[in-house]
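Welcome! Have the sequence and the 3D view at hand, and try each exercise before you read its solution.

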Amino acid sequence: MTAQGLERRLGNRRDVEIWLVSRDNFMLFTPLLPEVCSGVLEPRHVVMPLRGMLHHQSTWCITADVDAIDTQGHVVTVIGGDGDPHRLHYDTLVLALGGITHTFGIPGLDEHAVGMKTLADAFGLRNRVIEMLERAELEDDPVARQADLTFVIGGAGLSGVETAGELEDFVRRVRRRYYPKIAESEIHTYLVELKNEVLAELPPEMGAFARQRLERRGFEVRLGTPIREVREAEVVIGNGEVIPTRTVVWTGGVRPAPMVAKSGVEVDHAGRVKTRPTMETSRSTAFAIGDCAVIPNVEDPDGRPFAPTAQNAVREAKRLAANVVARIDGRSLSPYRYRTIGTLASIGHHTGVGIVFGIRVRGWIAWFMWRGYYWSRVPGFNRKVRVGLDWILTALFGTDPVQLKVEDASSALGSTGRRHAPVRDRETRD
Ligand SMILES: Cc1cc2nc3c(=O)[nH]c(=O)nc-3n(C[C@H](O)[C@H](O)[C@H](O)COP(=O)(O)OP(=O)(O)OC[C@H]3O[C@@H](n4cnc5c(N)ncnc54)[C@H](O)[C@@H]3O)c2cc1C
């Protein structure tokens, strides 16, 4: 979004080049990610191609991994598809590397749990859930069958509750229509949270409403309960309670991309870049925004920084584009200011909860506002139409349990141009 803002402000100027380095050649619209997991939305419809968002001749979209950042020498080293390091020299740097899933060192979480941060996470979770339903139909052992049909979500913040709501909707719907041999009473869903409340981002009564609705739908909500260990077919929570499950979704923590702490700019105890209200870092030629930065709110009487949300990231990007151009032209920079209009969450079953302009909303109306708001924020007309059509088509025809095994790369050429398994292996499989 910063690059887009720069294009707008720079117009036809040829004296400035923009280099956008990203691991993926698209931008992910995260608020709709849980709906990818339930199959309501097609994965491609919640991402926007970067090359479709940026049009200037002097803009370069580079699909590569940032491998090192040297803010003293003004060099960013990137590794692209060829596997070779490339050094990019810059005059002004914007750090916008976001965050990664934080596992807090909980044993087994890395190996056995699924996150909910990337498109691959959402797609992988959907496949996992379908795999479990397919497996359960063949399973005779009651304990193994229970592990297949039990789904545990760790973290009852916004993304945890939204994921829980979508996942439960999906499992119940496809079970009824496609897996009649599995009884509804065999499916168990748990929401496990360390804090003593659901949706801590909202006023307590809104969280209580979300909890009550989830429990009514069969969720076992465990508050004040840490996840202690995740194993292949069970999870240990609280004081040692063991829940048989093969599917643990972890939404309990995000930490800044580790790369920013190694870049030479000042960071806080959590590894987020400390900035001024203008988003300048301790190095005058580097700025930072979004989830990897901590930006002080000059209007907050308690001096609290802005929350790491998409709402802020998008608006920070606009202000930052103006500040970068001001710096190039030798003008003074302005602080980022924003007063949030509110927070909304969808909890599944056409139910939402939230607070908008100080007014508390819940139920169907909140869900409708949630959809309306996020639809209006989907970047570009093209994607808005696709998302809108997906919603209509799912309402008409429902969702299905098609499992696209993209990880079975034996049928496709990998990025090296070689098949991961020879063709003859597939032909002689049986
Ligand atoms: C499931 C979910 C739901 C959410 N829902 C909401 C919501 O409803 N409302 C809201 O306001 N916020 C929501 N958020 C939070 C919101 O997504 C983030 O606050 C926002 O995306 C932060 O933007 P960012 O640009 O800082 O980071 P990101 O969006 O994470 O972007 C960082 C980018 O940098 C890339 N990158 C990272 N490291 C490298 C590297 N080494 N090399 C190259 N590229 C790299 C990443 O691939 C990514 O594309 C949600 C988050 C999640 C996970």
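Below are five short exercises, each with a worked solution.

Two notes come before the start. Residues are numbered from 1 along each chain as its sequence is written. The model is predicted, so local features need pLDDT of at least 70 and side-chain atom pairs count only at pLDDT 80 or more, while totals for chains, interfaces and linings use all residues.

**Exercise 1. Find how many helices and strands the protein chain has, and describe its overall size.**

Step 1: Count the elements. The protein chain has 12 helices and 24 strands; these are DSSP runs, numbered from the N terminus, with helices being H or I of at least four residues and strands E of at least two.

Step 2: Look at compactness. The radius of gyration is 23 Å, close to the 22 Å from the globule rule for 430 residues, so the chain is as compact as a globular protein of that length. This radius is taken over C-alpha atoms, and the rule is 2.2 Å times the number of residues to the power 0.38.

Step 3: Picture a box. Along the principal axes, the C-alpha atoms fill roughly 70 × 60 × 45 Å.

**Exercise 2. Work out which domains the chain has and how they touch.**

Step 1: Domain 1 covers 2-99 + 257-329 and domain 2 covers 109-252 + 342-397; such bounds come from an automatic or database domain assignment.

Step 2: The contact between them takes 19 residues from domain 1 and 22 residues from domain 2. Two residues are in contact if their C-beta atoms, placed from the backbone, lie within 7 Å.

Step 3: On the domain 1 side, α2 (33-37) and β3 (47-49) give two or more residues each. The largest share, five residues, belongs to α2.

**Exercise 3. Locate the ligand and describe its shell.**

Step 1: The ligand is surrounded by 27 residues, and the closest are T30, P31, G98, G290 and T309. A residue counts as near a molecule if its C-beta atom, placed from the backbone, lies within 6 Å of it.

Step 2: Both domain 1 and domain 2 give residues to this shell, so it lies between them.

Step 3: Sort the shell by class: 14 residues are nonpolar, eight polar and five charged. Here Ala, Val, Leu, Ile, Met, Phe, Trp, Tyr, Cys and Pro count as nonpolar, Asp, Glu, Lys and Arg as charged, and the others, Gly among them, as polar.

Step 4: The largest share of the shell, three residues, comes from α9.

**Exercise 4. Trace the open sheet of five strands and the helices that pack on it.**

Step 1: The strand order is β10-β17-β11-β12-β13, with parallel pairing. Strands pair if DSSP finds at least two bridges between them.

Step 2: Each edge strand, β10 (113-115) and β13 (219-222), has a single partner, so one side of each is left without a neighbour in the sheet. From one strand to the next, the twist averages 20°.

Step 3: Helix α5 (residues 119-138) lies across β10 and β17 (247-250), at about 145° to β10. Helix α8 (residues 204-216) touches β12 and β13, making about 140° with the direction of β13. Axes are lines fitted to C-alpha atoms, for helices over the stretch in contact, and angles run from 0 to 180 degrees between N-to-C directions.

**Exercise 5. Find the hairpin formed by β22 and β23.**

Step 1: β22 (residues 342-346) and β23 (residues 352-356) pair in the antiparallel sense over five bridges. One bridge joins S346 to G352.

Step 2: Five residues lie between the two strands, and G348 in the turn has a positive phi of about 85°.
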